[in-house]
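Please find below my notes on the model you sent, set out as numbered points. They deal with one helix and its surroundings, some salt bridges, a surface patch and one strand residue.

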Amino acid sequence: MNTRFGKNCSYRRGKLGISLVKILSENKSQVHWWMRNENDVQHLINYRHNPRYLSGVTYDLNYVKPSTDLRNVVAVADWVILAVPAAFVQEALSGLEQHALKDKVLISAIKGMIPKQNILITDYLGQQYDVPNSHQLVIAGPCHAEEVAMEKQSYLTIGSYDLPTAERFCELLRNRYVKANPLDDLDGVEYCAVIKNIIALACGIARGLNYGDNFQAVLVSNAMQEIERFLHAAMPIHRDLNGSAYLGDLLVTAYSQFSRNRTFGNMIGHGYTVKSAQIEMNMVAEGYYAVQSIYELNKKLKVDMPITTAVYLILYERIAPAVEFEILKEKLT
C-alpha cells in the first residue's frame, strides 16, 4: 500500500502513537514518523525500535521513516495523526504554517482539551488551521497501547461526521488483532475520551484511599450518568452510550493496570503531591489538564458533575483527598 502518513508522535513519548505506527506499518502503509529528538531517530534507524516506550516493538524501516523535520513529514502525508498530549499540541505544531494542513485528513489520538481555551482538539484545528470537521477523525478505544504491543485482541472506534472517510481509515487499521469501526459522533466520542480520563483519576484516588471494589463499581456507574448529562447539555444528539467508544473506553481506563490516569490518581490518593506524582510517572496524565477544562466549561453548562468537581478540588484547590471523598460518597447512589 502506497498511502503515506504524517505520524506526529508525542514529544512526551506517547504510547498510543507508537502502537499506531506498529499497526499501520505492519499493514504495509508508509508511516512518516515525526520525532523531536534526533538521537531517538538515529536509535530507531540503527536498532529498529523506540528507545523509550514499548521498546519490544520492532519496525520495518521499509515502511517506517522517522524524522525530526515536521514540515516535511506533514507535506508528504495524506493522513496526519496527532498523538501529542493536549497540553503540548500548540507547541508541537508551532512550526507549521496555517495552510500546511489544507487537504489533509487529520486523525486525533489525543484524549484531552486545549488548556485555558477549554476547547476540543478538533475545534482548535478547525480554528487555527481551517481544517473542516469533514476532514477530521477521532480515535477512541477501548484500546491500551501496551496490549496492542502484545498483539492482544483490541478494538478501535473512529469518530467522524464523514463515515466514508472514517471507514477508509478503519480499513488501514484492521488486522488479525485489531478491529476498527466508524461512528458518526465526532464531538461525543471526543468529549467522552476526555471525561473518562477524569473518571480514571477518581478511581485511582479511591484505590489510593483504600476504597474497595464495591465503591468503585458505584463510582463508575455514577460516572456514566455524569458523562450522559454532560453530553446531553453540550452535544444533544441521540447516541447509545453503552457502545464501546463510550462505556467500553470508560471501563478499560477506569480499571486497567495500564491506565496512566488511574495510576496518577492512585498516587494522589496515597498522599503524593501533583508535582511529585508527575515527576515519578514521567508521563502525561491527560486527566490532570482535562479536569480543569471540563470544570471551567461546566460553569456555563451547569451540569451536575460531582465526580469531576471532586477531582478538580483535590488537584487544583488542594482539598485533602480523604476529605473530598467523604463528601463525594454521600452524593453517589
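1. Helices in this note are DSSP runs of H or I with at least four residues, numbered from the N terminus, and in that scheme V323 belongs to helix α15, which spans residues 321-329. The model is a predicted one, and the remarks that follow should be read accordingly.

2. V323 joins I319 and I327 in a nonpolar patch on the surface, and together these residues have about 220 Å² of accessible area. With a relative accessibility of 46%, V323 itself counts as partly exposed, because that class lies between the cut-offs of 20% and 50%.

3. Helix α15 also holds a salt bridge partner pair, K329 and E326, whose closest N and O atoms are 3.2 Å apart. The two are three residues apart in the helix, and are therefore separated by about one helical turn. K329 is partly exposed at 32% relative accessibility, and E326 is likewise partly exposed at 42%.

4. The search of the whole structure finds 11 salt bridges, and K22, E26, E151 and R176 are linked in a network of them. Within helix α1 (residues 15-26), K22 and E26 lie four residues apart, about one turn of the helix, and their closest N and O atoms are 2.8 Å apart. K22 is buried, with 5% relative accessibility, whereas E26 is partly exposed at 36%.

5. In the same network, R176 and E151 meet through their side chains at 2.2 Å, N to O. R176 sits in the loop between α7 (163-173) and β10 (178-183), and E151 in the loop between α6 (145-149) and β9 (154-159), so the pair ties together parts that are 25 residues apart in sequence. R176 is exposed at 63% relative accessibility, while E151 is partly exposed at 28%.

6. Which residues of helix α2 (residues 38-47) are buried? They are D40, V41 and L44, and they lie on the same side of α2 because they cover an arc of only 105° around the axis. The cover over these buried residues includes β2 (30-34) and β3 (64-67), whereas N39, N46 and Y47 are exposed on the other side.

7. At the N-terminal end of α2, N37 acts as a cap, with a side-chain oxygen 2.7 Å from the backbone nitrogen of N39. Just after the helix, R48 adopts a positive phi of about 65°.

8. A140, in strand β8 (residues 136-140), is buried at 1% relative accessibility. Beyond its neighbours within four places in sequence, A140 has contacts that include K111, Y155, V189 and D249.

Methods. Residues are numbered from 1 along each chain as its sequence is written. This is a predicted model: local features need pLDDT of at least 70, side-chain atom pairs count only at pLDDT 80 or more; totals for chains, interfaces and linings use all residues. Side-chain values use heavy atoms; hydrogens and water are left out. Buried means under 20% relative accessible area, exposed over 50%, partly exposed in between (1.4 Å probe, protein chains only). The arc is that of the directions from the helix axis to the C-beta atoms. Contact means heavy atoms within 4.5 Å. A polar contact is a pair of N or O atoms within 3.5 Å; within protein, one must be able to donate a hydrogen and the other to accept it, and residues adjacent in sequence count only if both atoms are side-chain atoms. Patches are made of residues with over 30% relative accessible area and no salt bridge: like charges are joined within 9 Å, nonpolar side chains (Val, Leu, Ile, Met, Phe, Trp, Tyr) within 5 Å. Accessible areas come from the Shrake-Rupley method with a 1.4 Å probe; for residues, only the protein chains shown count as cover. A salt bridge is a side-chain nitrogen of Lys or Arg within 4 Å of a carboxyl oxygen of Asp or Glu.
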